[in-house]
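Please walk me through this structure in the viewer. Tell me what to select next and what is there.

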Amino acid sequence: MGAFEVILCTCLVLLCLWKGLKTFLRYFWISRKVSYIAGPPLIGVIKNVLLNKTSFAQLFLDLYNHPKTRKDAVTGFYFFHKPCLLIRDPELIKRILVKDFNQFMDRRMASDPESDPIGMNTLVNVKGDTWRNIRNHITPVFTAHKLKNFFPLVVDVCEDLEVKLAKEIPSGTSGEINLKEFAGLYTVETIASCAFGVKANCFLNPDSDFLKKAQRVVDPSDFKRVIELGACFFFPEFASVFKLRFYSKETDEFLRTAILEVMEEREKSGSKRNDLIDALITMKNTQKEIFHTDCLIAQAAVFLAAGYETSSSVLSFALYELARHQDMQEKLRNELMDFAKSGKEMNYENFANLEYLHMVFQETLRLYPSIPFLERTCQPADGSESYSLAPFHDFSVPKGMPIYIPAIAIQRDPNFFPDPLSFRPDRFAVDAEPRIDHNLLLGFGQGPRNCLGSRFGTLQVKMALATILPKYRLSFCKKTPQKIVFNKKTVPMFSEEPLIITFREI
């Protein structure tokens, strides 16, 4: 047999294997009467994300709205080799996240426990009873009562924010502001103060070591980190094989040094600041079997990573939409200025009662959830091998199968939110809110595994808006993108183009 015949036979064999694998993968779903969205074998629906043709946000919008399956309660697909289930039905979503939470307690993501002990011990990553124990002990740090202690710390940061803006935009002038960079400075400074008990000086020193390390956690320009974090989300079975890490070695070393030094200094001085560090010290001294050194550092680390990315993203999009909608901006400005003139004390309770500010925040989080999807893994609590979806579907979810809830698509579904692509804070007005199914507001998740720092993140964003709007009028400029296209290199939702708008002193 000649070389040509050998090549031809090899190609035919590979083609047959390819076709056979596609048929087998399709059969897995069709035989179970589950609608199926196909993708290349061993790659699946994530193909266009890997080719940098689409973002994760757009991927889940496309999966949810697929013309052949969009009316189905559930749909099957593959991420690489792994069969996964997309959930559309709102009542089934509620059941999985809330009522039957014990069957879907764990997230799929993972890193290598040996090389990444901090990443594996974060609250977003730990599983089963370990998650439950850590969550129960750290929840009291983020109650509304404890947030009253954080409030003056955030006020101090907002005063620094005012100084920063005054230097950037001298009296009577205007200036162009990159919202992501600007919001990043603010959120890192608040987290440094409230969680780490330190002043990072981000506003005065853009080369701040604390700021640089925070930005490195998710850096779209670092291709290696993007790939590694994506693998932690979607390829966790290989975490130990490839030594996958949530945090780089550099970030890991920084977190250890920063947190342990502050804790040691605080214990020596006996001073109290009512922040996360005080809570971690208490946990270390009373719950040593749970809160060992890596676990303590991990909780502060996730506060930095999750808080920086989510809050800076929501704040950026809120400022962008207010710059687009001058009438809404003016309405919010008037509410804030009326509050300032009312003589009411600037405290957590009074601030939380600002109605239109809350409406703007809620609408921003609806239109731009920081993470475009929620994911859980089926782990039946009774030890059975599957979880029945009846009466929503005849399919039983096998133990270990990941399920995905496309938050961005649900929050942009006209069946649940009329005129979903329009920025309309009025949909959250007091007289309109009863018509909203709050179980479908997934920006902070739902159920027992929702975002623990949601109250703090809300406070961060609202305080920044309340600081900026009374003194500056926001507007689009020539550099402002007219349409948001989501970044294709990150799981969190960022704009691909810089969001640059004009701040003009009032």
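The tour below starts with the whole chain and then moves through a few selections.

**The whole chain**

Start with everything shown as a cartoon. This is a predicted model. The chain has 18 helices and nine strands. Along the principal axes, its C-alpha atoms fill a box of roughly 85 × 55 × 50 Å. A compact globule of 506 residues would have a radius of gyration near 23 Å, and the chain, with 24 Å, agrees with that.

Now switch on the surface. The accessible surface of the chain comes to about 22,500 Å², and 56% of this belongs to carbon and sulfur atoms. Of the 506 residues, 56% count as buried. Contacts in the chain also link distant parts of the sequence: among those between residues at least 6 apart, 72% join residues at least 24 apart.

**The three-stranded sheet**

Select residues 174-178, 472-476 and 500-505. The first two ranges are strands E3 and E8, and the third is strand E9. These three strands form an open sheet in the order E3-E9-E8, with antiparallel pairing. E3 and E8 are the edge strands, each pairing on one side only. On average, neighbouring strands of this sheet are turned by 35° against each other, direction ignored.

Zoom in on E8 and E9. Five bridges hold this antiparallel pair. To find one of the bridge partners, show tyrosine 472 and look across to glutamate 505 in E9.

Next add the helices that meet the sheet. Helix H13, residues 293-324, packs on the sheet and touches E8 and E9. The direction of H13 makes about 80° with that of E8. Helix H8, residues 179-195, lies across E3 and E9 and runs at about 80° to E3.

**The hairpin of E1 and E2**

Hide those elements and select residues 74-79 and 82-87, which are strands E1 and E2. The two strands run antiparallel and are joined by six bridges. Threonine 75 stands opposite leucine 86 in E2. Two residues lie between the strands of this hairpin, and phenylalanine 80 there takes a positive phi near 60°.

How many of the six residues of E2 are buried? Five of them are, so that E2 is mostly covered.

E2 has another partner. Select residues 402-405, strand E7. E2 and E7 pair in the parallel sense over two bridges. Leucine 85 stands opposite isoleucine 403 in E7.

**Helix H4**

Keep the hairpin and E7 visible and add residues 90-99, helix H4. At the start of H4, a side-chain oxygen of aspartate 89 reaches to within 2.9 Å of the backbone nitrogen of glutamate 91.

Which residues of H4 are buried? They are Leu92, Ile93, Arg95, Ile96 and Leu97. An α-helix has 3.6 residues a turn, so residues three or four places apart point the same way. The buried residues of H4 pack against several elements, including E1, E2 and E7. To complete the surroundings, add strand E4 (374-377), strand E5 (386-388) and helix H17 (407-410), against which these buried residues also pack.

**A cis peptide bond**

Move to proline 391, in the loop between E5 and strand E6 (396-398). The peptide bond from alanine 390 to proline 391 is cis, with omega near 5°.

**Threonine 122**

Select threonine 122, in the loop between helix H5 (117-120) and helix H6 (128-138). Is threonine 122 buried or exposed? Threonine 122 is buried, because its relative accessible area is 2%, below the 20% cut-off. A polar atom of its side chain lies 3.0 Å from the backbone oxygen of glycine 119. Leaving aside neighbours within four places in sequence, threonine 122 is in contact with Tyr247, Ala298, Gln299 and Val302.

**Two residues in the loop between H1 and H2**

Finish at the loop between helix H1 (3-30) and helix H2 (47-50), where lysine 33 is found. Leucine 42 lies in the loop between H1 and H2 as well. Lysine 33 has a phi near 60°, a positive value in a residue other than glycine. Leucine 42, also not a glycine, has a positive phi of about 70°. Lysine 33 is exposed, with a relative accessible area of 68%. Leucine 42 is exposed too, with a relative accessible area of 58%.

Key. Residues numbered from 1 in each chain as written. Heavy atoms only, no water. Helix = DSSP H or I, 4+ residues; strand = E, 2+ residues; numbered from the N terminus. Buried < 20%, exposed > 50% of the residue type's maximum accessible area, 1.4 Å probe, protein only. Polar contact = N/O pair within 3.5 Å; in protein donor to acceptor, adjacent residues only side chain to side chain. Contact = heavy atoms within 4.5 Å. Pairing = 2+ DSSP bridges. Axes fitted to C-alpha atoms, helices over the stretch in contact; angles between N-to-C directions. Rg over C-alpha atoms; globule rule 2.2 N^0.38 Å. Areas by Shrake-Rupley, 256 points an atom, 1.4 Å probe, with all protein chains shown as cover.
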